[in-house]
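The following paragraphs lead the reader through the helices of one protein chain and the contacts between them. Please keep the sequence and the model in view while reading.

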Amino acid sequence: MLEVTDPQVRTVLLHHVSQRSLQVDAAELLRAGLSSAPLKMLRRLSVHELERLACTHAVRISIVLDAQALEGALRKVTLVDEALEVQTYFVRHGASVRLMAALFKMSRNSTHRLRREFGVMHPSGQLALPHPDERCRILRSWRATKDLEPRQRYLRLHQSFSVHPIGALELVIQQAEEWLNR
């Protein structure tokens with residue numbers, strides 16, 4: 001348990017307990033160590049009186065955190081942040097609407113909105129493809145990352161060939177796959 005010492009936080013928590021006590025049954029309050037008489041008195045206090053009560057250290061207020069749940073939630077937050085960072089990278093570096101839908105399940109409108117938000121101009125029409133020799137290097141690099149998941153493959157590919165927009169690299173891969181599937 002962590003003791004709460006900040007008077008403002010203690011005031012908010014005392015108010016929360018008084019309001020929460022109206023929403024839960026008596027058995028739950030008893031399990032939390034609270035009886036009805038002090039809660040009735042607590043609910044009658046004004047904000048000023050709650051603040052004074054929070055400043056007295058006779059009332060001990062502590063919180064309990066579920067450490068495993070907290071760690072899991074923090075990992076989720078980190079993963080979401082990383083995914084958003086990669087998504088932003090793709091939008092900023094010219095990924096096509098089709099690729100954004102495939103890799104991030106983003107709609108055409110969402111992709112266009114992010115492009116506008118980031119000030120990314122996407123040329124209309126066909127993208128210029130790299131020189132044929134460079135296309136061969138791009139394909140070799142693509143094949144070398146076959147064990148990675150698609151987002152990471154395109155990310156690595158673009159980091160190696162950053163002079164080209166991701167959309168152009170996607171076209172090189174797409175054309176090669178179409179040619180191989182003939």
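Glu 85 is placed in helix α5 of what is a predicted model. With a relative accessibility of 60%, Glu 85 counts as exposed, because the cut-off for that class is over 50%. Glu 85 and Gly 33 are 52 residues apart along the chain, and their C-alpha atoms are separated by 45 Å.

The helix that carries Glu 85 also packs against another helix. Two packed helices are described by the angle between their axes together with the distance between those axes. For α5 and α9, the angle is about 50° and the axes are 11 Å apart. That angle makes α5 oblique to α9. The crossing of the two is left-handed. On the α5 side, the contact is made by Ala 83, Tyr 89 and Phe 90. On the α9 side, Arg 151, Tyr 154, Leu 155, His 158 and Gln 159 take part.

One of these residues, His 158 of helix α9, merits a separate description. Is His 158 buried or exposed? Its relative accessible area is 1%, and His 158 is therefore buried, the limit for that class being under 20%. When neighbours within four places in sequence are left aside, His 158 is in contact with Tyr 89, His 93, His 164, Pro 165, Ile 166 and Leu 169. Among these partners, Ile 166 and Leu 169 are buried residues of α10.

Helix α10 is thus the next element to consider. What end-to-end distance should its 15 residues span? At 1.5 Å a residue the expected value is 21 Å, and the end C-alpha atoms of α10 are 21 Å apart, so expectation and model agree. The buried residues of α10 are Ile 166, Gly 167, Ala 168, Leu 169, Glu 170, Leu 171, Val 172, Ile 173 and Ala 176. These buried residues pack against α5 (67–92), α6 (97–104), α8 and α9.

Gly 167 has its place in this helix, α10. The relative accessibility of Gly 167 is 2%, which is why Gly 167 counts as buried. Leaving aside neighbours within four places in sequence, the contacts of Gly 167 are Gly 94, Ala 95, Ser 96 and Leu 127. By contrast, Gly 167 and Leu 13 are 154 residues apart in sequence, with a C-alpha to C-alpha distance of 52 Å.

Helix α8, residues 132–144, belongs to the set of elements against which the buried residues of α10 pack. At 1.5 Å a residue, the 13 residues of α8 should span 18 Å; the end C-alpha atoms are 19 Å apart, which agrees. The buried residues in α8 are Glu 134, Ile 138, Leu 139, Ser 141 and Trp 142. Viewed down the axis of α8, these buried residues fall within an arc of 160°, so they line one face of the helix. Arg 140 and Ala 144, on the other side of α8, are exposed. The cover over the buried residues of α8 includes α9 (150–160) and α10 (166–180).

A residue in a loop offers a local detail of the backbone. Lys 105 lies between α6 and α7 (108–118). Most residues other than glycine have a negative phi. In Lys 105, however, phi is near 55°, a positive value in a residue other than glycine. With a relative accessibility of 71%, Lys 105 counts as exposed.

The account now turns to helix α1 and its partners. Helix α1 (residues 7–20) and helix α4 (residues 47–55) have axes that come within 8 Å and cross at roughly 120°. These two helices, α1 and α4, are therefore oblique to each other. Their crossing is right-handed. The residues of α1 that make the contact are Pro 7, Arg 10, Thr 11, Leu 14 and His 15. From α4, the contact involves Leu 50, Glu 51, Leu 53, Ala 54 and Cys 55.

Helix α1 also meets helix α3 (residues 36–44), with axes that come within 9 Å and cross at roughly 115°. Here α1 passes α3 in a left-handed crossing. Leu 14, Val 17 and Ser 18 of α1 form the contact with Leu 39, Leu 42 and Arg 43 of α3. Leu 14 of α1 thus contributes to the contact with α4 and to the contact with α3.

Notes: Residues numbered from 1 in each chain as written. Predicted model: local features only at pLDDT ≥ 70, side-chain atom pairs only at ≥ 80, totals over all residues. Heavy atoms only, no water. Helix = DSSP H or I, 4+ residues; strand = E, 2+ residues; numbered from the N terminus. Expected span 1.5 Å × (residues − 1). Buried < 20%, exposed > 50% of the residue type's maximum accessible area, 1.4 Å probe, protein only. Arc of directions from axis to C-beta. Contact = heavy atoms within 4.5 Å. Axes fitted to C-alpha atoms, helices over the stretch in contact; angles between N-to-C directions. Parallel < 35°, antiparallel > 145°, perpendicular 65-115°, else oblique. Left-handed = near helix turned anticlockwise from the far one by under 90°.
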